[in-house]
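Welcome! Have the structure open as you read, and follow along one topic at a time.

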Amino acid sequence: MLLNRRVLVGICGGIASYKAVELVSRLQQAGALVDVIMSERAEEFVRPLAFSTMSHRPVYTDLWEPSGRAAETHIALGEDADVLVVLPATANTLAKLAHGIADNMLTAVALATKAPLVLAPAMHHTMYTHPATQANLAILRERGAFIIEPEVGQLASGEVGIGRLPDSSVLLGAIQVVLGRNGDLAGRRVVVTAGGTQEPIDPVRFVGNRSSGKMGYALATEARDRGADVILISGPVALDAPYGVDVRRVETALQMRDAVFDAVEEADVLVMSGAVADYRPAEVAPQKLKKGGKEAREVDAEGGFALRLARNPDILGELAAASQQSEAVERIPGGNRPRRRLVRIGFAAETSDVLTNARGKLAAKRLDLLIANDVSRSDSGFGSETNKVYIFHADETMEDLPVMPKTGVAAAIWDRVVHLLS
Ligand code: CTP
């Protein structure tokens, strides 16, 4: 999404400006063309060389340099930009932006450009909460600026309060949200499930699976970057919540089922990449099971015991049955008006007979697409960064995709979904 996009980064004179160096580096690595503009005060915290080394492009600073070329440059920079990001947005620069003051290169470009404005305020908490700063932010928000809320934490003064510049992952996420606003999933609501479920045995143990959640998180992030409203229903995983995505955490299959049914009410698409446990321990011990303990267990001669498992509901199966029912009602003359149809996508993680099993699941769960992967391969499936998938379509055609990063697989899946939605 960032490839060849023109990102203007305006740096103000705040101590957090050093964090902008990392952001510029990450933008550049993602393929964006990054032009950096620094206010005079910013140069006292970080040298322009730090930014030009990361951006591989010149850094703009002085509006008043004698050749007069900067005057043309600031108009050209503004015209070409896809987005203008200002960070750390100081109280002083926010005040200038709110009132149309253009007394340096950064504020002049901000007036000259039609590109969307992203502001990441960072300052001492007393300055941030001051009514003047809040009023300026309200003006800018009202005018369409996208504000990245500062975080609560330790500030440069040593005090703890609101005013910290968030991590570069958050800043990058916010820039992608703004750049993706008119993407091919704009206006669509999508629900993605990710990670495995954990089915409790007792208060400290569970039955789980190897799902890392990486595929589901990549799907949610890609949908966000294409403009969708995304709900991510996540089992316990070691991944950060993607910025701008509504993450709903669950542990068990029963909780995932309830969260999915609640979320799909208003959704256009459901992608079930979560690894839902088909079984759960039939009885959950209220206290930790002790070795050699005999509570409610039949212990054999060696001290072992059998764990009885109960079936969990099949979430996609239940949705398939519900859609079949509502389609039947809609066929009755004078019956209910058809509701917005939910595009349903399933995943099949297989270790054998991948293609036969996948075809069976596509039909049994009445899916629009089924993404099958062979998790016995080291370059595909649980925990790996790449995936080798086959995409099965409802019309029985099949695509055999090469091994790709999970982000690439996510893009390929959404391409197919966009086609289905149109
Ligand atoms: N799934 C589901 N509810 C379950 C189990 C699975 O909705 N209780 C979904 C998964 O999220 C996935 C698809 O169904 O998108 C296929 O999951 P998989 O476990 O491969 O299929 P099962 O139908 O459980 O078949 P089996 O375990 O026999 O392979």
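Let's begin with a single residue: which residues does Ser55 touch, leaving aside its neighbours within four places in sequence? Ser55 is in contact with Val24, Gln28 and Val34 once those neighbours are set aside. Please keep in mind that this is a predicted model.

**Ser55 and its helix, α3**

- You will find Ser55 in helix α3, which covers residues 48-55.
- Is Ser55 buried or exposed? Its relative accessibility is 3%, and the cut-off for buried is under 20%, so Ser55 counts as buried.
- Ser55 has company in α3, where the buried residues are Pro48, Phe51 and Ser55.
- These buried residues lie on the same side of α3, because they cover an arc of only 65° around the axis.
- In general, an α-helix has 3.6 residues a turn, so residues three or four places apart point the same way.
- Among the elements that cover the buried residues of α3 are β1 (6-11), α1 (17-29), β2 (33-38), α2 (42-45) and β3 (59-60).
- Just after α3 comes His56, with a positive phi of about 60°.

**Helix α8**

- Now move along to helix α8, residues 131-142, which has 12 residues.
- From its first C-alpha to its last, α8 reaches 16 Å, close to the 16 Å expected at 1.5 Å a residue.
- Which residues of α8 are buried? They are Thr133, Asn136, Leu137 and Leu140.
- Those residues of α8 cover an arc of only 100° around the axis, which puts them on the same side of the helix.
- On the face turned away from that buried side, α8 carries the exposed residues Pro131 and Glu142.
- The cover over the buried residues of α8 includes α5 (91-99), β5 (117-121), α7 (125-129) and β6 (146-147).
- Gly144, just after α8, takes a positive phi of about 105°.

**The open sheet**

- How many strands form the open sheet? There are 8, in the order β13-β12-β9-β14-β17-β18-β20-β21, and their pairing is mixed.
- At the edges are β13 (246-249) and β21 (398-400), each of which pairs on one side only.
- From one strand to the next, the twist averages 15°.
- Helix α12 (residues 315-331) packs on the sheet, where it touches β14 (269-272) and β17 (343-350).
- The direction of α12 makes about 150° with that of β17.
- Strand β20 (residues 389-393) pairs with β21 in the antiparallel sense, over 3 bridges.
- Ile391 stands opposite Glu399 in β21.

**Strand β9 and its partners**

- Strand β9, residues 189-194, is mostly covered, with 5 of its 6 residues buried.
- β9 pairs with strand β12 (residues 229-234) in the parallel sense, over 6 bridges.
- β9 also runs parallel to β14, and 4 bridges join these two strands.
- Look for Val192: its bridge partner in β12 is Leu232, while its bridge partner in β14 is Val271.

**The domains**

- The domain assignment gives domain 1 as 6-179 and domain 2 as 189-284 + 312-421.
- How far apart are the C-alpha centres of domain 1 and domain 2? They lie 38 Å apart.

Terms used: Residues are numbered from 1 along each chain as its sequence is written. This is a predicted model: local features need pLDDT of at least 70, side-chain atom pairs count only at pLDDT 80 or more; totals for chains, interfaces and linings use all residues. Side-chain values use heavy atoms; hydrogens and water are left out. Two strands pair if DSSP finds at least two bridges between them. Axes are lines fitted to C-alpha atoms, for helices over the stretch in contact, and angles run from 0 to 180 degrees between N-to-C directions. Contact means heavy atoms within 4.5 Å. The expected span of a helix is 1.5 Å times one less than its number of residues. Buried means under 20% relative accessible area, exposed over 50%, partly exposed in between (1.4 Å probe, protein chains only). The arc is that of the directions from the helix axis to the C-beta atoms. Domain bounds come from an automatic or database domain assignment.
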